[in-house]
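Thanks for coming; I will keep this short. Please have the sequence and the structure open while I go through a few places in the chain.

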Amino acid sequence: MLSNALLRLGASAARHPWRVIAAWLIAATLAVLAAVAFGGRTADSLTAPGLDSRRAAELIERAGTGQEGMTAQVVVTPLDDGATFFDDDGARTALTRLRAEVKRLPHVLGTSDPAGALHAGGDTAVRGGLVSADGRIAVVRVQYPDQSRLSGEDLDALVDLGDRMRAELPLRIEMGGSLFYAFSDPDGGASELIGLLAAAAILFLAFGSLVAAALPIGMAVCGLTVGVATMTVLAGVTEVPTFAPVLGSMVGLGVGIDYALFVLARHREYLACGLDPQAAAGRAVATAGRPVVFAGGTVVVSILGLAVANVPFMTVGGVAVSIVVLTTVLASVTLLPAFLGAAGPRLARVGRIGRIGRIGRIGRIGRIGRIGRALQTRKPGRIARRRDPAPGVAHAAGWRRWIGHVNRHPVPYAVGAAGLLLTATLPVLGLRVGLPDDGSLPQGRTERRAYDLVAEGFGPGTNGPLVIAADPTGDPGVVDRLVEAVAADPGIASVAPTHIDRATGIATLVVFPTTSPQDKATTDTIARLRTDVLPTAIGHGPARAHVGGAAASLSDVGQRTSRRLPVFVAAVLAMSFLLLMLVFRSILVPLKAVLLNLLSIGAAYGIMVAVFQWGWAGALIGLEATVPIVSFIPMFLFAILFGLSMDYEVFLLSRIREEYLRTGDNGTAIVEGVSRTARIITSAALIMVAVFLSFAVAEDPSTKMFGLGLATAIFIDATVVRVVLVPATMTLLGRTNWWLPKWLDRVLPRGPVGADDTDAESTGDAPRPRLVDR
């Protein structure tokens, strides 16, 4: 049985703590050294096989024009407010020098020449999109090869050059482009520190002990170090998206501290019963460790299910985040019990502050408040017989009163809470996926300033040009028809001169929409070009044309993930239902759990739409402009949140089920089960919310969405769902909560969590027979 294996593992780690701690330190050191020696930098390639934008990139690659590669743009304007490039020889000379320096950078294939176009004639420069009509803004477009041939060093070289040129030239220099998006360092270092400090404060209030507060933090940091270093090694083998380290840190810290809290709380309960630290650690891992393994496994399986989207960067990102979660689970059942064994009886000491966080009577095995006197008297046998009027017990009594009140009025509470969550879910109907462009970044970023200058001088669509690749096989006149038809479309502002490869005949058209890359109108323009404009221009001949470019790629990825999301959601729901049915030997309990989790996640989605798309309270998290929801975030959030919600679900329902097996009374089981777990679930949720919210104030909008979405869903799950909807609905269902047809009970294998009733056995209570259909 899983519980017996965990019991032996935890007890062994606690008996030999320094060996286990040394092993983890060695593993962390080796992982970091491997990351330094063999690791790579994260990068983003937001495309997928079979997409129209991918076919365009393949045609451009065949033509060898270089336009399939990465790009950057250096945007400049004279420091003298009255000067223009048309009439300022000094500004033009500085522009020429700047372009020459950029062209000498490693891997640069070519650059546009606004200064040369100015010498040829002002109209030529303006028509080429190199100098604004008023002569104030010029753009040097930089062409790089395919992303696979580049690294973060190329971005560093460009940024360093810009810093040097700002000091030497009379120009304001800003930079942006896909090179920045692909190789910018993940945004999250300060957020991790803020999250750790907030978690440490909550743990100290919960346990009243610096040692008890430090152990979960230390375990989470060690597990996170190994996981992120392993992720870095993976980045040296394949392309790991830039959001993976940030998301991995976010989830790793949250679940790591959360899991450690569950195990540590159980450990202190067993110490209160008089068990020695080694035995208490083993029993804590056997009981609390089972939900940890189950919840962590569910998170991993859910995240790996992202492969159903058939978007490579999402699949690799899921694998990378799963590595962090697996490492955290392993640390929870090995490193943490080693810490507990090394700490010995010191964890049983509770100061005055610790009374705030006494979890109360979480099981029949004892109360946290008895610990201090037990150590003083050294008479463990007396512990179980004494009554303790400590505040923790009073808090548990307060939870009992609340749950009892909900159970006496289940209908209004169930209807009211469900109505509240459904109302919060309504904005999902207006969900629009896309990818925030540089215009959503803070003003302090050079990418944002470059974006604003380009939009001011050339129009918003210049920040997201489309690249149409055409193979005119058998129809030499198709290129002229394409140029004419595309230029006549109302969503297109201008078309750059066509480039035709002599060897292959493939033509590339760079076109500039009238709207910004993240504008819905741009997505509509791309769709119109593909369904109406290009087919009409090509006719029924053998020629073909495809729309590519960064904006088109992001639109395509968003549409694919949106189409695959229902399939993914259905698969995760079915998997969760089956696992919970195995665990709790019931049909209605897992069905209710799945529906309530779906409701809380839907509410989180709705709040995200209201904040990011509608701008409600966006200033509170530093959001400077409304943005669409990043195309891959809804799927990622669903995978992570469903796994995390299983954490609380298993922890809570395991205790309710234990009480039901002990008493046979559904009402008593609900009141006792919820009241005994409410404080620890609340503490765990506070830690997760604090960690996730610390990422919601990061600069990058994608990081903000991950942080706010996760924090909102966990908060809703731990409050409205766990302490209102769960007791209300379970009261309404009565004894049928635990109904299972007899034939199904015989067919189903015994689940890994809860089926062996270790918790009930540990209290000396024999479990009653399950309620099955005879």
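**Strand β6 and its surroundings**

I start with one pair: in β10, the residue standing opposite Asp-471 is Arg-544. Before I go on, please keep in mind that this is a predicted model.

Asp-471 is one of the residues of β6, and the pairing of that strand goes further. β6 and β10 run antiparallel and are joined by 5 bridges. There is also a pairing with β9, again antiparallel, over 5 bridges. Which residue of β9 is the bridge partner of Ile-468? That partner is Leu-509.

Is β6 buried or exposed? The strand is mostly covered, with 6 of its 6 residues buried. The cover applies to both faces. On one side the buried residues are Leu-466, Ile-468 and Ala-470, and on the other they are Val-467, Ala-469 and Asp-471. So both residues I named in β6, Ile-468 and Asp-471, are buried, and they sit on opposite faces of the strand.

**Helix α21**

The next element is α21, residues 478-488. Its buried residues are Val-478, Val-479, Leu-482 and Val-486. Why do these four lie on the same side of the helix? They cover an arc of only 95 degrees around the axis, and that places them on the same side of α21. The face turned away from this buried side carries Asp-480, Glu-484 and Ala-488, which are exposed.

What covers the buried residues of α21? The cover includes β6 (466-471), the strand I began with, along with β9 (507-513) and β10 (544-548). Also included are β7 (492-495), β8 (499-500) and α22 (520-538).

**The whole chain**

Now a step back. The protein has 774 residues, and 58% of them count as buried. Its secondary structure comes to 29 helices and 13 strands. Among the contacts with a separation of 6 or more, 80% are between residues 24 or more positions apart. The exposed area is about 29200 Å², and carbon and sulfur atoms supply 61% of that.

**Aromatic pairs and helix α14**

For the aromatic rings, a general remark: a pair is described by the distance of the centres and the angle of the planes. The count here is 13 aromatic pairs. One of them is Phe-632 with Phe-636, an edge-to-face pair with 6.4 Å from centre to centre and 80 degrees between the planes. The label edge-to-face applies because the angle is over 60 degrees. Both of these phenylalanines are buried. They also belong to one aromatic cluster, together with Phe-243, Phe-313 and Phe-706.

Next is helix α14, which runs over residues 312-333. How does its length compare with what its 22 residues should span? At 1.5 Å a residue, the expected span is 32 Å, and the end C-alpha atoms are 32 Å apart, so the two agree. Of those 22 residues, 16 are buried, which leaves α14 mostly covered.

**Two buried polar residues in helices**

Asn-407 lies in helix α18, residues 391-408. Its relative accessibility is 14%, and it therefore counts as buried, the cut-off being under 20%. Setting aside residues up to four places away in sequence, Asn-407 touches Gly-667, Ile-670, Val-671, Pro-727, Ala-728 and Thr-731.

Ser-683 is in helix α26, which covers residues 666-696. Is Ser-683 buried or exposed? Ser-683 is buried, because its relative accessible area is 13%. Apart from neighbours within four places in sequence, its contacts are Ile-202, Ala-206 and Leu-261.

**Two positive phi values**

Last, the backbone. Most residues other than glycine have a negative phi. Two places to look at are His-107 and Ala-617. His-107 has a phi near 70 degrees, a positive value. The residue lies in the loop between α4 (89-103) and β2 (110-111). With a relative accessible area of 41%, His-107 is partly exposed.

For Ala-617, phi is near 60 degrees, which is positive as well. Where does Ala-617 lie? Its place is the loop between α24 (588-613) and β11 (629-630). Ala-617 is partly exposed too, at a relative accessible area of 49%.

That is what I had to show.

How values were computed: Residues numbered from 1 in each chain as written. Predicted model: local features only at pLDDT ≥ 70, side-chain atom pairs only at ≥ 80, totals over all residues. Heavy atoms only, no water. Buried < 20%, exposed > 50% of the residue type's maximum accessible area, 1.4 Å probe, protein only. Contact = heavy atoms within 4.5 Å. Areas by Shrake-Rupley, 256 points an atom, 1.4 Å probe, with all protein chains shown as cover. Arc of directions from axis to C-beta. Pairing = 2+ DSSP bridges. Phe/Tyr/Trp six-rings, centres within 6.5 Å; stacked < 30°, edge-to-face > 60°. Expected span 1.5 Å × (residues − 1).
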